[in-house]
Amino acid sequence: MRESWEFPLLNRQTGKEELATLYTPIADNNVDDFESLWQPPMIARLATIKDHDELQAASLQDIYWKWREKQQARSNRFDWMSFAVECGGETQGLMFVRTVGFARIDSQRNLPLIYIDLISAAPWNRNGFTDTPLYKGVGPLLLGAAISLSVNEGLDGRLGLHALPQSEDWYRQQGMTELGTDTAHPESLVYFEFTSADAQAYVSST
Amino acid sequence: MAAKRTMTLNLSDQEMVMLEHLAEEKGLSKTQLVRQALRLYQSVVDRLERGDKLYVEDSKKAEKAELMVL
């Protein structure tokens, strides 16, 4: 059964708040939106990219994430949960979390946490992709949903994730602790973690 | 939140001690620990059913050993 909650999102172009809906799990219309609304402008933008720095600045590194494939493979699984943010009739953000992970920071080493596998905002909401992003707060809304899940599961808000290079600064700004490059990760991405205290501070600040 | 159902779990004294120990160590209730264990087990079973093998690695020796799962 699909569950939903409503939250306000700021439409930066009108300056007014709109009611967004957070759903779990992701549904077909969400992956349809990714393929038909998110990917075409990202692919068009990619064609204009000249070098790696420009690619990173344009925030396109998740362009080929396989949301549909993962949605199908992970349905009816207890170890995965997915979330979608819808606003203005379109999907504004998507997230997959793994509900069984273990912490790496010394202060909470080996305690269970929620691991964010994939988290993404629609390209038109990204500062790097456009000079005039539409909705503000999609990323924090999804991050907050992961923290709420962690709290509800008795994991005290603990979260872990590997960040794409384009997103590392954003996670630093959210107050996550950076544990350096994870050489065991297939793409050698930087690993970040929220301690319980960090997560509480984050929720208090948003 | 999804609706919850209640069941009686029959465990030996040793199993109950282990459940209580792990729950305390991980900062979870016994129900939350069983839920986590179920998720982890489903994750392992899924990988094995896809033909994957499960390994554990000795972090000091960098040695890998296949984990036998029934």
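Reader: On the other side of α6(A) from its buried residues, which residues are exposed?

Author: A residue counts as exposed if 12 or fewer other C-beta atoms, placed from the backbone, lie within 10 Å of its own, as buried if there are 20 or more, and as partly exposed in between; on that side of α6(A), A:S204 and A:S205 are exposed. This is a predicted model, in which local features need pLDDT of at least 70 and side-chain atom pairs count only at pLDDT 80 or more, while totals for chains, interfaces and linings use all residues. Residues are numbered from 1 along each chain as its sequence is written, and chains are lettered from A and ligands numbered from 1 in the order written.

Reader: Which residues of helix α6 of chain A are buried, and what covers them?

Author: In α6 (residues 196–205; helices are DSSP runs of H or I with at least four residues, strands runs of E with at least two, numbered from the N terminus), A:S196, A:D198 and A:A199 are buried. They line one face of the helix, because they fall within an arc of 160° seen down its axis, taken from the directions from that axis to the C-beta atoms. Their cover includes α4 (138–152), β7 (159–163), β8 (177–181) and β9 (190–194) of chain A.

Reader: How many residues of α1(B) are buried?

Author: The count is 0 among its 14 residues, so to speak a helix hardly covered.

Reader: How many residues of chain B are in contact with chain A?

Author: With contact taken as C-beta atoms, placed from the backbone, within 7 Å, 12 residues of chain B touch 11 residues of chain A. The largest share of chain B's side, 7 residues, comes from α2(B) (residues 30–49).

Technical notes
Two residues are in contact if their C-beta atoms, placed from the backbone, lie within 7 Å.
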